[in-house]
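User: Could you teach me, step by step, how to read the packing in a structure like this one?

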Amino acid sequence: STLPEGRRLICANVAVEEDSSDPPTLERMEQLVRRRGRSDLRLHDPRWLTRFHINYRLAAHYRQGRIFLAGDAAHVHSLVAGQGMNTGIQDAFNLGWKLALVIDGVFPAHILDSYEAERRKVGQDVLRTTREATETVEAFARLSAAERQKLLAHMVVPEPQRRQAAEHLQEVDLDVRSSLLSLEPAGEFTEGAQAGAQAPDAAPLVVDGQRTSWYRLPLGTGYRLLLFAGPSGEPGLQALTRRAIALRQDCGPWAQVFPVLPGEPHAVAETGPEATNDVTVIHDLEGAMGRRYGVSSPCLVLIRPDGYVAYRSRRIDSLQPYLDQVFTPPAV
């Protein structure tokens, strides 16, 4: 590839038997270039010569006191599938919102320990999958032409498995169910996105008179609290909004509150004394949002800033069970 100043980037694999401990030389690079395609080229004025090695390394811990590791500082591996960038961005986001809530005095400092608990196992999986993929590619390169043709002719990946593999590489199939920051009372729900799962999209919704979907809403950077009426719409808009306002006051600025009612908006104005700017009413036109969370009666769903379900409960008057768990230091 061409670089600024007319320079060229040249990469080449070398024979396995070569001593990789010897530093590369300009003469050796020129030999490779001549042998593999351009006998007329002459190399000169090298700015950087180095050997590339694939390393698989994972930090023993992601936190030591006030020091946190993320991205390449925490895990290095093969470049295959570009997972390093995705993993590093998710590391930083996971840590960032927790630091913000601790610094603002909203949550206790021990929740920062959940960063390593949630993210290091992801790093372990990325190392495993990238190693397996790299070794598969390397093994394919060693096959004869006939062996490659035979392998390709019989290679069939069913669509469900292909989609599952793609989602895993994109890291959109993760969950945090075992985290300190996930809670769901046993036996209250039989279906839907449980605590620790990624919050699913849902549509069609009506918000402020506009049709939209959950993922298209202009959500803030804090927690989001969904307060669902039951499938029959009870309690109604006024009662549900009053409950939402009370919960909003309990939460403070760290959570947005969304009363969710099934069906079309009613003709009754929603801007009266029971509704304020503290809450945003969602009308779940076809019940898709309720189904996503297994709503069969009034309930609440708390969603973390990074899009995972934190808490799901049929108790709609308080977040205290969740806060009790979050604020209680784990047993040592």
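**Helix packing and the sheet**

Analyst: Helix 2 and helix 5 lie oblique to each other, a word for angles outside under 35 degrees (roughly parallel), over 145 (roughly antiparallel) and 65 to 115 (roughly perpendicular). This is a predicted model, in which local features need pLDDT of at least 70 and side-chain atom pairs pLDDT 80 or more, while totals for chains, interfaces and linings use all residues. Residues are numbered from 1 along each chain as its sequence is written, and side-chain values use heavy atoms, without hydrogens and water.

User: At what angle do the axes of helix 2 and helix 5 cross, and which residues meet?

Analyst: The axes (lines fitted to C-alpha atoms, with angles from 0 to 180 degrees between N-to-C directions) cross at roughly 60° and come within 9 Å. Gln83, Asn86 and Gln90 of helix 2 meet His168, Leu169 and Gln170 of helix 5, contact being heavy atoms within 4.5 Å. By class, this contact has one nonpolar, five polar and no charged residues.

User: How are the strands of the open sheet ordered?

Analyst: In general, strands pair through backbone hydrogen bonds, either parallel or antiparallel. Here seven strands run in the order 6-5-9-8-7-10-11, with mixed pairing (a pair needs at least two DSSP bridges). Strand 6 (210–212) and strand 11 (309–313) are at the edges with a single partner strand each, so one side of each has no neighbour in the sheet. Strand 5 (residues 205–207) pairs with strand 6 in the antiparallel sense over three bridges, and Leu205 has Thr212 of strand 6 as its bridge partner.

User: Which strands does helix 6 touch?

Analyst: Helix 6 (residues 237–251) packs on the sheet against strand 7 (223–228), strand 8 (255–262) and strand 10 (299–303), its direction making about 165° with that of strand 8.

Notes: Helices (H or I, at least four residues) and strands (E, at least two) are DSSP runs, numbered from the N terminus. Ala, Val, Leu, Ile, Met, Phe, Trp, Tyr, Cys and Pro count as nonpolar, Asp, Glu, Lys and Arg as charged, and the others, Gly among them, as polar.
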